[in-house]
Structures are given as C-alpha cells and as structure tokens.
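Me: Please take a close look at the largest pocket of this model, and then follow the chain from there into its buried interior. I would like one connected account that I can read beside the structure.

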Amino acid sequence: MSRSGGAAGPTVDARGATRVNAHWRARVLISAEAFTEGRTINVSESGVSLLLDRRFPDGAVLTLALAVPDPTDRTRLHAITAQARVIFNVASGDLFRLGLQFTQVADEGRQLIRRWVHLLS
C-alpha cells in the first residue's frame, strides 16, 4: 500500500467521493476457472481504478477480488469481492487503466475501504 508523496494527495472524483492512491493486488474473474491479475491505482468508497493487461467493454459488470491490507497490521490481507461497472478504459503503454464504479460490495469490504480512504486522506 502506498500513497503519492506529491502535493496532489487525495482527490475528489466527479461523484464527490474522496479518491486515494492505493496499490493493492487485484483480480478480475473472467469465468469460474479464469481470471486476469492487475493492481489498483486508486480507490474511493464509490469505485476503483485498476491497471490490467486487457480491456473490458464500457458498461460491463465485472467481479473483482481485491487483496486489501489490514489498516492496523499491513502484513494481513483481507480478500474483498465486489461487483463493479466499467466506466472507462485508457491505454497506458501496453496495459489498460480501467475506471470502475462499485455496484455491489459486502458491508465488511466497504467498511475496510472506507477506513483506508479516511486513513490516507
């Protein structure tokens, strides 16, 4: 988990949610047996930005698995599963940056993300 050391710090996205830099492992489930791995770029209570090796169609609803560190013991990871809608894809070198809006997150996962947003903002 890291945070930008620049003057920019946390930002507020177009939906009014505070977005903070977070570099967590992420998976997008493609089928019951297949997934693609990536990393988060930033996160807010309303969504997440991922860096992946493939793009997904705008509007597609994806199943995500995020490895979120425990705020009090960063060696412990919590697996958070969420549903999210693809808002945009942008090419970033040979990778793709996806903007995703959460459509479903379990309460425990939402609370953990909220704790990180408040901790880093």
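Reply: A pocket here is an open set of points on a 1 Å grid, with protein on both sides within 12 Å along at least five of seven lines, and its lining residues have an atom within 4 Å of a point. With that meaning, the largest pocket of this predicted model holds about 160 Å³ of space.

The lining of this pocket consists of R25, A26, R27, E37, G38, A65, L66, A67, A79, I80 and T81. Strands β3 (25-29), β4 (35-43), β6 (61-69) and β7 (77-92) are the elements that give two or more residues to it. By chemical type the lining divides into 6 nonpolar, 2 polar and 3 charged residues. One of the lining residues, A79, is found in strand β7, and A79 counts as exposed because its relative accessibility is 76%, over the 50% cut-off. Although A79 and L66 are 13 residues apart in sequence, their C-alpha atoms lie 5.7 Å apart in space, and both residues belong to the pocket lining.

To place the pocket in the fold, it helps to read the whole chain, which has 1 helix and 8 strands in the order β-β-β-β-β-β-β-β-α. Buried residues make up 39% of the 121 residues, and of the contacts between residues at least 6 apart in sequence, 51% join residues at least 24 apart.

From the pocket one can turn to the interior. In soluble globular proteins, nonpolar side chains tend to be buried together. Here the largest nonpolar core has 27 residues, and those with the most contacts inside it are L50, L62, L64, L100 and F102. Strands β3, β5 (47-52), β6, β7 and β8 (95-105), together with helix α1 (107-120), each supply at least two residues of this core, and the largest share, 5 residues, comes from α1. Strands β3, β6 and β7 thus appear in this list as well as among the elements that give two or more residues to the pocket lining.

Among the residues with the most contacts inside the core, L62 is found in strand β6, and L62 is buried because its relative accessible area is 6%, under the 20% cut-off. Beyond its neighbours up to four places away in sequence, L62 touches V28, F56, A82, Q83, A84, V86, L98 and L100. The C-alpha atoms of L62 and F102 are separated by 9.4 Å, with their positions 40 residues apart along the chain. L100, with neighbours within four places likewise left aside, is in contact with S46, G47, V48, L50, L62, L64, A84, R85, V86 and I87.

L98, another contact of L62, lies in strand β8 and counts as buried because its relative accessibility is 0%. Its contacts beyond four places in sequence are V48, S49, L50, L52, R54, F56, L62, V86, F88 and N89. L98 and L50 stand 48 residues apart along the chain, yet 5.2 Å separates their C-alpha atoms.

N89, one of the contacts of L98, brings polar groups into this account. N89 lies in strand β7, and N89 is buried because its relative accessible area is 17%, again under the 20% cut-off. A polar atom of its side chain lies 2.5 Å from the backbone oxygen of F56, and a polar contact of 3.0 Å joins the side chains of N89 and D58. Leaving out residues up to four places away in sequence, N89 touches R55, F56, P57, D58, R97 and L98.

A second buried polar residue, S44, lies in the loop between β4 and β5, and S44 counts as buried because its relative accessibility is 0%. The side chain of S44 makes a polar contact of 3.4 Å with the side chain of R19, while a polar atom of the S44 side chain lies 3.1 Å from the backbone nitrogen of S46. S46 is in turn among the contacts of L100.

By contrast with these buried positions, G93, in the loop between β7 and β8, is exposed, with a relative accessible area of 78%. The C-alpha atoms of G93 and D53, 40 residues apart along the chain, are separated by 10.0 Å.

Note on methods:
Residues numbered from 1 in each chain as written. Predicted model: local features only at pLDDT ≥ 70, side-chain atom pairs only at ≥ 80, totals over all residues. Heavy atoms only, no water. 1 Å grid on protein atoms, 1.4 Å probe; cavity = no way out; pocket = protein on both sides within 12 Å on 5 of 7 lines; lining within 4 Å. Points joined across faces, edges and corners; volume = space filled by probe spheres on them. Helix = DSSP H or I, 4+ residues; strand = E, 2+ residues; numbered from the N terminus. Nonpolar A, V, L, I, M, F, W, Y, C, P; charged D, E, K, R; others polar. Buried < 20%, exposed > 50% of the residue type's maximum accessible area, 1.4 Å probe, protein only. Polar contact = N/O pair within 3.5 Å; in protein donor to acceptor, adjacent residues only side chain to side chain. Contact = heavy atoms within 4.5 Å. Core = buried A, V, L, I, M, F, W, Y, C linked by side-chain atoms within 4.5 Å.
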